[in-house]
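Student: I would like to learn how to read a structural model feature by feature. Could we take some cases in turn, with the general idea ahead of each?

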Amino acid sequence: MNPIFVALDTPDLERAVELAEAVRGDAGGVKLGLEFFSAHGPSGIRRIGELGLPVFLDLKLHDIPNTVAKAVEALAPLKPAVLTVHAAGGRLMLAAAKAAAPPDTKIVAVTVLTSLDQSDLAEAGIGGTTQDQVRRLAKLAQDAGVDGIVCSGAELAAAREAWPSGFFVVPGVRPAGAGLDDQKRVVTPRQALDDGASILVIGRPITGAADPARAIRDIAATLESKEAIQ
């Protein structure tokens, strides 16, 4: 499986289509999040899906179990390859989301956003380090029966050690030399893959490049030797 999913974080449908077309020969899929979904809803997701790339639908659902289950059921016709919920929603919510999902949709639980660091957790009343919190929520997600988690590359090795069979989505991935933008805990694509990432979510280093197709190929080239081993 090609691990690179390109984050199309734009409310502009035509721009999203343009980017998806530019990278579809080199990407494993595309990530569509709340910004895009709020602007275009299910019809926008279908439009991107028509291009033949797997869609990672990053909506980070978080509500009472019944509401999340109904939301997952409502999203099922879009056939997302991956759908996110918040691990902080609790065991019952996570289990309800997984039970409502189609067999071909992986449910992954968001642990600690890559825009947060330890001081942000402390402000929210959460004790310990970001790694402590990721471990706690990874264990909760595993026990609830979902497929995996979303976590920063900084916590990936520890999470994978605790859950060897988990499916790990790593956002905030930046090639060497790229800017951090609004991310606080980032790793390079190669480091994330070496540490056990299943999917690398990469946005602005590709979508903000003058030539997105060339940018994703340059990133993929740094992963080739690792892929050859697998």
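**Reading the surroundings of a residue**

Tutor: Leaving aside residues up to four places away in sequence, Thr105 touches Lys79, Pro80, Ala81, Val82, Leu83, Lys98 and Asp147. Please keep in mind throughout that this is a predicted model.

Student: Where is the place of Thr105, and is Thr105 buried or exposed?

Tutor: Thr105 lies in the loop between α4 (91-100) and β5 (106-110). Its relative accessible area is 3%, and because buried means under 20%, Thr105 counts as buried. Its side chain has a polar atom that lies 2.6 Å from the backbone oxygen of Pro80, and Pro80 is also one of the residues that Thr105 touches.

Student: How would the reading go for a charged residue in a strand, and which side chains make a polar contact with the side chain of Asp58?

Tutor: We go by the same steps, beginning with the place: Asp58 is found in strand β3, which covers residues 55-61. Asp58 has a relative accessible area of 8% and is buried. Its side chain makes a polar contact with the side chain of Thr84 at 2.7 Å, and another with the side chain of Lys31 at 3.4 Å. The residues touched by Asp58, not counting those up to four places away in sequence, are Lys31, Leu32, Gly33, Leu34 and Thr84.

Student: How should I read aromatic rings, and how many aromatic pairs does a search of the whole structure find?

Tutor: In general, the distance of the centres and the angle of the planes describe a pair of aromatic rings. Here, a search of the whole structure finds one aromatic pair. Trp163 and Phe168 form this pair, which is edge-to-face, with 6.2 Å from centre to centre and 80 degrees between the planes. Both Trp163 and Phe168 are buried. A ring can also be read against a charge: the charged end of Lys106 sits over the ring of Phe167, 4.9 Å from the centre of that ring.

Student: What should I look for in a helix, and which residues of helix α7 are buried?

Tutor: The general idea is that an α-helix has 3.6 residues a turn, so residues three or four places apart point the same way. In helix α7 (residues 153-162), the buried residues are Gly153, Glu155, Leu156, Ala158 and Ala159. These buried residues of α7 pack against α6 (130-144), β6 (148-150), β7 (167-170) and α8 (189-194). At the start of α7, it is worth looking at Ser152, of which a side-chain oxygen reaches to within 2.9 Å of the backbone nitrogen of Ala154.

Student: And for a strand, what covers the faces of β1, and which strands pair with β1?

Tutor: For a strand, one reads the two faces and then the neighbours along its edges. Strand β1 (residues 4-7) is covered on both faces, with Ile4 and Val6 buried on one side and Phe5 and Ala7 buried on the other. Three bridges join β1 to strand β8 (residues 199-202), and these two run parallel, with Phe5 opposite Val201 in β8. The pairing of β1 with strand β2 (residues 29-33) is also in the parallel sense and has three bridges, with Val6 opposite Val30 in β2. Between β1 and β2 the chain crosses through helix α1 (residues 13-23), and this β-α-β crossover is right-handed.

Methods: Residues numbered from 1 in each chain as written. Predicted model: local features only at pLDDT ≥ 70, side-chain atom pairs only at ≥ 80, totals over all residues. Heavy atoms only, no water. Helix = DSSP H or I, 4+ residues; strand = E, 2+ residues; numbered from the N terminus. Buried < 20%, exposed > 50% of the residue type's maximum accessible area, 1.4 Å probe, protein only. Polar contact = N/O pair within 3.5 Å; in protein donor to acceptor, adjacent residues only side chain to side chain. Contact = heavy atoms within 4.5 Å. Phe/Tyr/Trp six-rings, centres within 6.5 Å; stacked < 30°, edge-to-face > 60°. Lys NZ or Arg CZ within 6 Å of the ring centre and 35° of its normal. Pairing = 2+ DSSP bridges. Right-handed = clockwise from strand over helix to strand, strands pointing away.
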